[in-house]
Amino acid sequence: MSEHFLINGLGGKRTLEGEIVVRGAKNAVLPGMAASLLYRDPLTLTNVPEIEDVSRMSELLSGMGATVERRSGSVAIDARKVADPELTEEISKRLRASIIFIGPMLARFRAATFPHPGGCVLGARPIDLFVEGLEKMGAVFAQEGKRYRVRAPEGLHGADFFFRVPSVTGTETIMLAAAIAKGTTIIRNAAMEPEIVWLSEILNASGAKIEGAGTPTVTVRGTNGRLLSAKGKRFAVVPDRIEAGSFLLLGALAGKELTIANIEPKHLDALSAMLEYSGLPLAIGKRAITVRAPKAGKVLRSVDLKTHEYPGFPTDLQSPMVVYLTQTTGESLVFETIFEGRLNYTESLARMGASIAMMDPHRVLVKGPTKLSGKTLESPDIRAGLAYILAAAIAEGPSRIHNVYYIDRGYAHVEERLRAVGLDILRIPE
Ligand code: EPU
């Protein structure tokens with residue numbers, strides 16, 4: 001059933017108050033679930049968000065023959081009976097992260113079949129880095145119509161591989177493949193996101209030998225085919241820094257006093273530095289950040305933004321940050337360096353009254369502050385969908401946001417959690 005959100009904007013008032021508790025990271029739980037293929041006993045993850053992407057990942061695993069038990073906040077996967085290393089087209093085209101499966105599939109079964117992965121509409125999203133990395137480890141790819149068939153007849157072996165571009169899921173895929181391969185794999189110019197560090201920690205706690213995750217050089221000593229074992233341990237998923245940052249920005253825009261809890265504040269340094277530079281004071285604790293309304297008359301200044309791999313400013317927070325910049329004083333140049341097409345949503349913000357000029361597909365100039373007015377909007381992807389919620393929250397009058405499936409892919413029960421801190425938001429069935 002398709003649904004939409006109806007939001008009555010605060011019209012510039014800062015009334016949101018209370019605490020939002022952040023769940024485990026979507027972009028950690030997805031590779032974590034794929035890792036289950038490498039285990040000889042059940043893998044249990046806790047602090048799992050109730051999001052659509054976790055449901056799609058569960059369906060993919062069940063389709064392969066795994067037993068997936070989902071309880072509130074946890075998922076237990078027993079992949080011992082998996083026999084069919086094939087990704088169905090229907091689900092993989094909705095979920096780009098499904099590509100991560102090919103690493104563990106190849107390592108364990110020496111074969112995998114998958115369609116070109118889909119996911120959000122973020123310009124061209126190639127898989128050349130995955131193909132080159134796995135080829136170096138002994139895999140042979142063949143394209144059959146719309147599907148890829150990949151085999152490693154002799155099993156995967158270690159390799160020394162340099163990523164031309166540091167890819168997050170690419171690093172995770174090679175790391176998973178290398179964990180049980182024969183010999184040592186070195187990934188150079190690896191991505192350094194906290195989700196990669198978390199993945200390496202659960203693998204290492206289960207018998208893998210991975211060093212350097214979180215640095216540009218990751219070294220994996222393979223177990224030569226020996227599967228990993230969770231030994232009854234349960235692994236809590238690292239907090240979602242993107243969800244945390246998005247809610248922090250909501251607080252920055254409309255908060256009287258809003259606390260974002262159950263987070264790892266260090267993972268948000270790039271955002272905190274920007275907000276503090278713009279003049280917004282933050283109270284940064286051990287596991288929470290509180291944002292308070294600035295003193296009356298205080299001018300928040302504009303700030304230029306350039307997205308960058310971790311620890312730089314995440315592309316996944318670019319769209320909510322742009323909503324914030326529509327309310328700061330002055331000009332902000334926003335440079336999206338990671339994905340093409342990830343600024344198209346700004347047209348809708350302009351329709352709401354923001355002053356945003358597209359300079360080229362990677363850059364926009366935002367002038368603020370501008371009043372926004374409520375509109376009917378269509379979420380183009382997970383992150384821009386959430387940015388629209390922020391824009392609607394501060395606008396004058398009602399907004400309707402369609403395509404909520406995208407928002408549900410990445411944020412669990414968002415309307416309930418935001419209503420609890422004072423936002424007038426309803427999910428309307430259509
Ligand atoms: N790239 C290639 N070839 C490849 C793979 C990537 O050229 O084979 C390029 C991409 O086109 C892009 C750059 O490398 O320009 C970096 O992309 P990356 O591979 O790091 O992105 P990803 O692994 O597909 C993950 C997140 C994204 C997040 C990006 C960047 C997951 C499941 N997804 O994607 O999250 O935006 O890293 O941080 O971890 C989201 O959650 O909404 C989302 C899109």
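## Sheets, hairpins and a ligand site in a predicted model

Four strands make up an open sheet in the order β2-β14-β16-β15, and their pairing is mixed. At the edges of this sheet stand β2 (16–21) and β15 (282–284), each of which pairs on one side only. Between neighbouring strands of this sheet the average turn is 10°, direction ignored. The model described here is a predicted one.

Within this sheet, β15 is joined to strand β16 (residues 288–292) by three bridges, and the two strands run antiparallel; Ala-283 has Thr-290 in β16 as its bridge partner. Helix α9 (residues 269–277) packs on the sheet, where it touches β15 and β16, and its direction makes about 145° with that of β15. Another helix, α8 (residues 241–254), lies across β2, β14 (255–261), β15 and β16, and runs at about 170° to β14.

A further open sheet, also described as mixed in its pairing, has four strands in the order β4-β5-β3-β13. Its edge strands are β4 (67–71) and β13 (234–236), each pairing on one side only. Neighbouring strands of this sheet are turned against each other by 20° on average, direction ignored. Helix α2 (residues 52–63) packs on this sheet and touches β4 and β5 (74–78), with a direction that makes about 155° with that of β4.

Strand β3 (residues 43–46) pairs with β13 in the parallel sense over three bridges, and in this pairing Leu-45 stands opposite Phe-235 in β13. Thr-46 also belongs to strand β3. Is Thr-46 buried or exposed? Thr-46 counts as buried because its relative accessibility is 16%, which falls under the 20% limit for that class. When neighbours within four places in sequence are left aside, the contacts of Thr-46 are Gly-73, Ser-74, Arg-234, Phe-235, Ala-236 and Val-237.

Two hairpins can be described in similar terms. Strands β7 (residues 140–144) and β8 (residues 147–151) pair in the antiparallel sense over five bridges, with Tyr-148 in β8 as the bridge partner of Gln-143. Two residues lie between the strands of this hairpin, and Gly-145 takes a positive phi near 60°. In the other hairpin, five bridges join strand β19 (residues 355–360) to strand β20 (residues 363–368), and these strands run antiparallel. Met-358 has Val-364 in β20 as its bridge partner, and two residues separate β19 from β20.

Helix α6 (residues 168–179) has twelve residues and spans 17 Å from its first C-alpha to its last, close to the 16 Å expected at 1.5 Å a residue. The helix is mostly covered, with eleven of its twelve residues buried; among them are Thr-169, Gly-170, Glu-172 and Met-175. At the start of α6, a side-chain oxygen of Ser-167 comes to within 2.9 Å of the backbone nitrogen of Gly-170.

Ser-167 and Thr-169 reappear at the ligand, which is surrounded by 23 residues, the closest being Asp-128, Ser-167, Thr-169, Asp-316 and Ile-338. Several polar atoms of the protein approach oxygen atoms of the ligand, as the table sets out for Asn-27, Ile-338 and Arg-383.

| Residue | Protein atom | Distance to a ligand oxygen atom |
|---|---|---|
| Asn-27 | polar side-chain atom | 3.1 Å |
| Ile-338 | backbone N or O atom | 2.7 Å |
| Arg-383 | polar side-chain atom | 2.7 Å |

Technical notes. Residues numbered from 1 in each chain as written. Predicted model: local features only at pLDDT ≥ 70, side-chain atom pairs only at ≥ 80, totals over all residues. Heavy atoms only, no water. Pairing = 2+ DSSP bridges. Expected span 1.5 Å × (residues − 1). Buried < 20%, exposed > 50% of the residue type's maximum accessible area, 1.4 Å probe, protein only. Polar contact = N/O pair within 3.5 Å; in protein donor to acceptor, adjacent residues only side chain to side chain. Axes fitted to C-alpha atoms, helices over the stretch in contact; angles between N-to-C directions. Contact = heavy atoms within 4.5 Å. Near = heavy atom within 4 Å.
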